[in-house]
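Here is a report on one protein chain. Please read it with the sequence and the coordinates open.

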Amino acid sequence: MAMTCLDDFEDYARRHLPKIVYDYYSSGANLEQTVKDNVAAFRRLRLYPELLQDVSKRDLSTTILGEKIDFPVAIAPTAMQKMAHPHGEVATAKAAASVNTGMVLSSWATSSIEEVQEAAPDGLRWFQLYVYKDRELTKNLVKRAEKAGYRALFLTVDTPQLGRRYADVKNNFTLPPPLNRNEILSNLSINYCVVDRLANFEDQSSQSEGVVSSGDSGLAEYVANQIDASLSWDDVEWLKTVTTLPIVLKGILTEEDAVEAVNHGVAGIVVSNHGGRQLDGVLATIDALPEVVRAVKGSSVEVYLDGGVRLGTDVLKALALGARAVFIGRPVLWGLTYKGEAGVKEVLDMLKNEFNLALALSGCTSAENVPRDLVRRQPQYSSNL
């Protein structure tokens, strides 16, 4: 099957993954307004290219927290990747390293911090962190990430509780049980869907202990029982006392929170709405981006974006509006489903090539110097009838 765009990878995944897995990866909160709007918002923006520019030589590279990547697209944290392919996060890390970009490893990965490091020792890796009620458990994750050479912590700040995802409730989605390596998750009825466990938790009781059934999905129950809903700006300060790694806040959408982030000395912000999986009805990330960029102007805080990126022109639009780079989540899962490491690499190469073309056709020669006036919002016309 020839893949011509990122939507083709999703079509493949929809047809080949078990429904419970595809629904978990693809679904959002409630009516999924934000999931849909993350993509649609990019279509409301129009490009105004500057022509007759010499674009024969172009530089796609940029830096994230001082680390050079070959193009301004990196991999966002997504949980339980072995439900998509038996090599899971290991395959994703290898693909990212092969094209010289970075990957954020989810706390809820099905390959451990150390396994991913061993698979791609020269790759650029960051670690996504939730703050657990058990602070020693949280601190242990941080120390393991430091020891394994991860370069920053991406602290998720929009999940005091899990958004209500109707598909997961209907499918009775639960956390993968602790399994022996290479054991088939038989209830998914698929011969390549292997899940070891939430691999970053050596004590398996941390996955299920104290989880009380509430009629919600198993993952929502887990979050309610394990993740600290009292997380506040004070905890950002606490985290700075237990690590020397740069801290990036993932989930910021407003000027007010962006200003607080600057005041608390973080290194970066990911403008993110958790892929539309938390609070339904919030702004699409590309719509929220300009406000956050304005709020941090004059500081050293770098701004990134995730959510809804499906085309090279989406990357270009995000850079024009002030993002330093974008992160992609679901397209990586679809590539992983398609061909494992090779499929993820194909997704990244496709976006890189599309971005390269978009850069040339817009009259730009550098990812570091995309002009703000390249992008304008689609004119809105009202009827006089």
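The report covers a stretch of parallel strands, one helix, the salt bridges, the cysteines and one loop residue. The model is predicted.

**Strand β10 and its partners**

Start with strand β10, residues 302-306. The strand is mostly covered, with five of its five residues buried. Its side chains split between two directions: E302, Y304 and D306 point one way, V303 and L305 the other way. That pattern fits a general rule. In a regular strand the side chains alternate between the two faces of the sheet. Here both sets are buried.

Strand β10 pairs with β9, residues 268-271. The two run parallel and are joined by four bridges. One bridge partner is specific: G268 matches E302 in β10. Between the two strands the chain passes through helix α12, residues 285-296. This β-α-β crossover is right-handed.

Strand β10 also pairs with β11. The sense is parallel, over three bridges. L305 stands opposite V326 in β11. The chain gets from β10 to β11 through α13, and this β-α-β crossover is right-handed too.

**Helix α15**

Helix α15 spans residues 341-361, a run of 21 residues. From first C-alpha to last it reaches 30 Å, close to the 30 Å expected at 1.5 Å a residue.

Which residues of α15 are buried? They are G343, V344, V347, L348, M350, L351, F355, A358, L359 and A360. What do these buried residues pack against? The helices are α1 (6-16), α4 (88-98), α13 (312-320) and α14 (330-339). The strands are β4 (73-75) and β11 (325-328). Helix α13 and strand β11 therefore appear twice in this account: α13 carries the chain from β10 to β11, and both elements pack against buried residues of α15.

After α15 comes G363. Its phi is positive, near 85°.

**Salt bridges**

The structure holds 17 salt bridges. Three of them are listed below, with N to O distances.

| Pair | Distance | Accessibility of the first residue | Accessibility of the second residue |
|---|---|---|---|
| R43 and D314 | 2.8 Å | R43, 32% | D314, 0% |
| E368 and R324 | 3.3 Å | E368, 41% | R324, 26% |
| D349 and K345 | 2.7 Å | D349, 24% | K345, 32% |

Take R43 and D314, whose side chains meet at 2.8 Å. The pair links distant parts of the chain, 271 residues apart. R43 sits in helix α3 (residues 33-43), and D314 in helix α13. R43 is partly exposed at 32% relative accessible area. D314 counts as buried because its relative accessibility is 0%.

E368 and R324 meet at 3.3 Å. This pair also links distant parts of the chain, here 44 residues apart. E368 lies in the loop between α15 and β12 (375-377). R324 lies in the loop between α13 and β11. E368 is partly exposed at 41%, and R324 is partly exposed at 26%.

D349 and K345 meet at 2.7 Å. How far apart are D349 and K345 in helix α15? They are four residues apart, so about one helical turn separates them. The general geometry explains the arrangement. An α-helix has 3.6 residues a turn, so residues three or four places apart point the same way. D349 is partly exposed at 24%. K345 is partly exposed at 32%.

There is also a network of salt bridges. It links D37, R44, D287 and R377.

**Cysteines**

How many disulfides does the structure hold? It holds zero. Two cysteines can be described by accessibility. C5 counts as partly exposed because its relative accessibility is 23%. C364 counts as buried because its value is 5%. The cut-off that separates the two classes is 20% relative accessible area.

**A buried aspartate in a loop**

D228 is found in the loop between α9 (218-226) and α10 (233-242). Is D228 buried or exposed? D228 is buried, with a relative accessible area of 11%. What does D228 contact beyond its neighbours within four places in sequence? Its contacts are V131, Y132, K133 and R135.

Methods
Residues numbered from 1 in each chain as written. Predicted model: local features only at pLDDT ≥ 70, side-chain atom pairs only at ≥ 80, totals over all residues. Heavy atoms only, no water. Expected span 1.5 Å × (residues − 1). Buried < 20%, exposed > 50% of the residue type's maximum accessible area, 1.4 Å probe, protein only. Contact = heavy atoms within 4.5 Å. Disulfide = S-S within 2.5 Å. Pairing = 2+ DSSP bridges. Right-handed = clockwise from strand over helix to strand, strands pointing away. Salt bridge = Lys/Arg side-chain N within 4 Å of Asp/Glu carboxyl O.
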